[in-house]
Amino acid sequence: AKQPVVTADSGQLQQVLMNLCANARDALPNGGKLTLKTDSVDGRELNFLPKEQRKKKYVKIAVTDSGEGISPEALSHIFDPFFTTKEVGKGTGLGLAVTYGIIQQHDGYIHVHSKLAVGTTFEIHLPAATEQHITTKSETQSKQVMSGYEKILVVEDDETVRNVTVRILKSLNYEIRTAANSDEAMACFTENYEDIDLVLMDVVIPTESGPEVYKKMLALRFDLPVIFVTGYEIHARIEDLKEGPQKHLVHILQKPYSRRALGKKLREVFDYPRVSS
């Protein structure tokens, strides 16, 4: 039977699935099996749902690995911000917290089941969409997301997030260059600063912080706009930039963000009236 569809931001769901698959890969250091499965579920079968939500149909997405499993102690904190089981310096701890936030934004639910030495399953339940909702939502989104032609430098050390961001930007017709740390960012910008129209940069990147790198870029391009992207509360870290003479160039976009939110923010920045010197 044909599966029902969900009304969702494709870029955000890609980020969720890539994150879960990346975690599954890390849990399989010696190889193993990774399975993705979808199914339709009647809400009356889902005991965790509030009573008013049980009349709906849901789409279930299950990501299962045959890996090392997660300890009961870690399992109880798995979606907490900044919690990570990885070695120091090898994970932000934001991955599953962001995943949880994205699913919540879509009125969905995510649960994890795991046994040590047996494997782990992440189960996502998203409400199925009605045909009317699909039509209305798609028409609204197509009007609200505006594409562009400008050239953007993306600075993001998390490969999964970087790849998703690049795909979103390319789908909006922007030209993209990428960097994974401050050294790569400055090397790329120094060589191409006349052709880069905006920098989309994580606040926390290896070697130097995003704001420190941006100040160096401003020395080469005084009119360079930046969008700082972060899952942290970071207004204090860019306070001096927001108070300076180029404060109109500094913008913030909070993770997790949708394709529509990113597209809208970019047009707000690019279409901001500039005063030429």
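Residues are called buried when their relative accessible area is under 20%, exposed when it is over 50%, and partly exposed in between, as computed with a 1.4 Å probe and protein chains only. Helices (H or I, at least four residues) and strands (E, at least two) are DSSP runs numbered from the N terminus. The model described here is predicted: local features need pLDDT of at least 70, side-chain atom pairs count only at pLDDT 80 or more, and totals for chains, interfaces and linings use all residues. Residues are numbered from 1 along each chain as its sequence is written, and side-chain values use heavy atoms, with hydrogens and water left out.

The chain contains nine helices and nine strands. Of its 277 residues, 44% are buried. The exposed surface of the chain amounts to about 15400 Å², of which carbon and sulfur atoms supply 50%; accessible areas come from the Shrake-Rupley method with a 1.4 Å probe, and for residues only the protein chains shown count as cover. Contact is taken as heavy atoms within 4.5 Å. Among contacts in the chain with a separation of 6 or more, 70% join residues 24 or more positions apart.

Helix H3 spans residues 95-105, and its buried residues are Leu96, Ala97, Val98, Thr99, Gly101, Ile102 and Ile103. The cover over these buried residues includes helix H1 (10-26), strand E3 (109-115) and strand E4 (119-127). Asp107 follows just after H3 and lies in the loop between H3 and E3. Although Asp107 is not a glycine, it has a positive phi of about 60°. With a relative accessible area of 55%, Asp107 is exposed. A positive phi, of about 75°, is also found at Asn173, which is not a glycine; Asn173 lies in the loop between helix H5 (159-171) and strand E6 (175-179).

Strand E4 holds His125. This histidine, His125, counts as buried at 3% relative accessibility. Neighbours within four places in sequence being left aside, the contacts of His125 are Val41, Leu46, Phe48, Tyr58, Val59, Lys60, Gly108 and Tyr109.

A nonpolar core is defined as a set of buried Ala, Val, Leu, Ile, Met, Phe, Trp, Tyr and Cys residues joined through side-chain atoms within 4.5 Å. The largest such core has 21 residues, and those with the most contacts inside it are Leu153, Val155, Val199, Met201, Tyr214, Met217 and Leu224. Two or more residues of this core come from each of strand E5 (151-155), helix H6 (182-192), strand E7 (198-202), helix H7 (210-220) and strand E8 (226-230). Another core, of 18 residues, lies apart from it and includes Val16, Leu96, Ile110 and Ile124. Met201 is in contact with Val155, Gly210, Val213, Tyr214, Val226, Ile227, Phe228 and Val229, not counting neighbours within four places in sequence.

Two packed helices are described by the angle between their axes and the distance between the axes. The axes of H6 and H7 come within 10 Å and cross at roughly 10°, where axes are lines fitted to C-alpha atoms, for helices over the stretch in contact, and angles run from 0 to 180 degrees between N-to-C directions. H6 and H7 are therefore roughly parallel to each other, a description given to angles under 35 degrees. In this pairing, Ser182, Ala185, Met186, Phe189 and Thr190 of H6 meet Val213, Lys216, Met217 and Leu220 of H7. By class, the contact of H6 with H7 comprises six nonpolar, two polar and one charged residues; Ala, Val, Leu, Ile, Met, Phe, Trp, Tyr, Cys and Pro count as nonpolar, Asp, Glu, Lys and Arg as charged, and the others, Gly among them, as polar.

Two loop residues may also be described. Val204 is placed in the loop between E7 and H7 and counts as partly exposed at 35% relative accessibility. Its C-alpha atom is separated by 8.5 Å from that of Glu156, 48 residues apart along the chain. Leu249 is in the loop between helix H8 (239-243) and strand E9 (250-254), and at 3% relative accessibility Leu249 counts as buried. Residues up to four places away in sequence not being counted, Leu249 touches Tyr214, Leu218, Phe222, Asp223, Leu224, Pro225 and Val226. The C-alpha atoms of Leu249 and Val226, 23 residues apart along the chain, are separated by 6.1 Å.

Note on methods: Parallel < 35°, antiparallel > 145°, perpendicular 65-115°, else oblique.
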